[in-house]
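Student: I would like to go through this model with you, starting from its secondary structure and ending with its charged side chains. Please show it first.

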Amino acid sequence: MRATRALLVDRIGRVRNEALSTKDLENQAYLFNAASSELRNEVTLRLRNELASLHTVTATIRREVDALGTQINEDVSNMKHEIQMEVGNRKNEAKNELKRQDIVIESMYNRMMGSLGDLRTEVEVAKWDNMRKSVAALSAFLVLILVGMEFTTVMKWKKQKAAEKANLQSWDQTSHPPPRHQDPFEAADERN
């Protein structure tokens with residue numbers, strides 16, 4: 001028990017040595033409050049400085065964004081104007097190309113119409129030449145037919161004359177009246 005007591009006394013002494021008094025606790029609390037107040041002030045000051053620098057950076061970025069927005073708007077406006085000019089130029093080129101094509105087509109049409117007129121003239125000339133040749137051939141054929149008819153008529157007349165001579169000779173021999181003499185032209189007129 002003595003040993004227990006000695007141990008207890010020893011431990012209580014150690015606790016008293018190591019333990020803090022109320023004054024020490026108040027001093028420690030005061031120092032803690034001062035340090036926390038200083039830390040709070042420092043953190044607040046840092047936050048304010050960081051917020052101020054963030055505001056400055058934000059304002060700078062905002063100005064840069066506005067400048068870039070303005071530059072982009074100007075570039076878009078310039079590009080829009082250039083595109084409109086390019087489209088207008090292309091439309092004009094297309095219209096000019098269509099006009100050139102229309103002129104070429106019109107000139108080809110005029111040449112074709114001229115050639116067609118020349119061909120019509122040549123066809124008409126050929127028709128008239130064929131008509132003249134046909135009329136000449138028909139006239140020649142008609143003349144040949146008429147000559148042939150006259151030739152047959154003359155031949156018949158000659159045969160008839162020969163037959164009449166033969167009849168006359170035989171009449172002289174038989175004493176019959178001579179047959180009637182007929183002119184070949186009168187015979188042709190009687191047939192018609």
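Tutor: A term is needed before the pairs come up: helices are DSSP runs of H or I with at least four residues, numbered from the N terminus. Note also that this is a predicted model.

Student: How many helices and how many strands does the chain have?

Tutor: From the N terminus on, the elements run α-α-α. The count for the secondary structure is therefore three helices and zero strands.

Student: What percentage of the chain's residues count as buried?

Tutor: A residue is buried if its relative accessible area is under 20%. The chain has 192 residues. The share of them that counts as buried is 3%.

Student: And how much of the exposed area do carbon and sulfur atoms supply?

Tutor: The chain exposes about 17,700 Å². The part of this area supplied by carbon and sulfur atoms is 61%.

Student: How many salt bridges does a search of the whole structure find?

Tutor: To count, a side-chain nitrogen of Lys or Arg has to be within 4 Å of a carboxyl oxygen of Asp or Glu. On that criterion, the number found in the whole structure is five.

Student: Take Arg46. Which residue does Arg46 form a salt bridge with?

Tutor: The closest N and O atoms of the pair are 3.2 Å apart. Both residues belong to helix α2, which covers residues 22-174, and a spacing of four residues there puts about one helical turn between them. Arg46 is exposed at 52% relative accessibility, while its partner is partly exposed at 36%. That partner is Glu42.

Student: In the salt bridge between Glu93 and Arg90, which residue counts as exposed?

Tutor: The two residues are three apart in helix α2, so about one helical turn separates them, and their closest N and O atoms are 3.6 Å apart. Exposed means over 50% relative accessible area, and partly exposed lies between that and the buried limit. Glu93, at 45%, is therefore partly exposed. With 52%, the residue that counts as exposed is Arg90.

Student: What is the N to O distance in the salt bridge of Glu124 and Lys127?

Tutor: Both residues lie in helix α2, three residues apart, about one turn of the helix. Glu124 has 38% relative accessibility and counts as partly exposed. The side chains of Glu124 and Lys127 meet with an N to O distance of 3.5 Å.

Definitions and conventions: Residues are numbered from 1 along each chain as its sequence is written. This is a predicted model: local features need pLDDT of at least 70, side-chain atom pairs count only at pLDDT 80 or more; totals for chains, interfaces and linings use all residues. Side-chain values use heavy atoms; hydrogens and water are left out. Buried means under 20% relative accessible area, exposed over 50%, partly exposed in between (1.4 Å probe, protein chains only). Accessible areas come from the Shrake-Rupley method with a 1.4 Å probe; for residues, only the protein chains shown count as cover.
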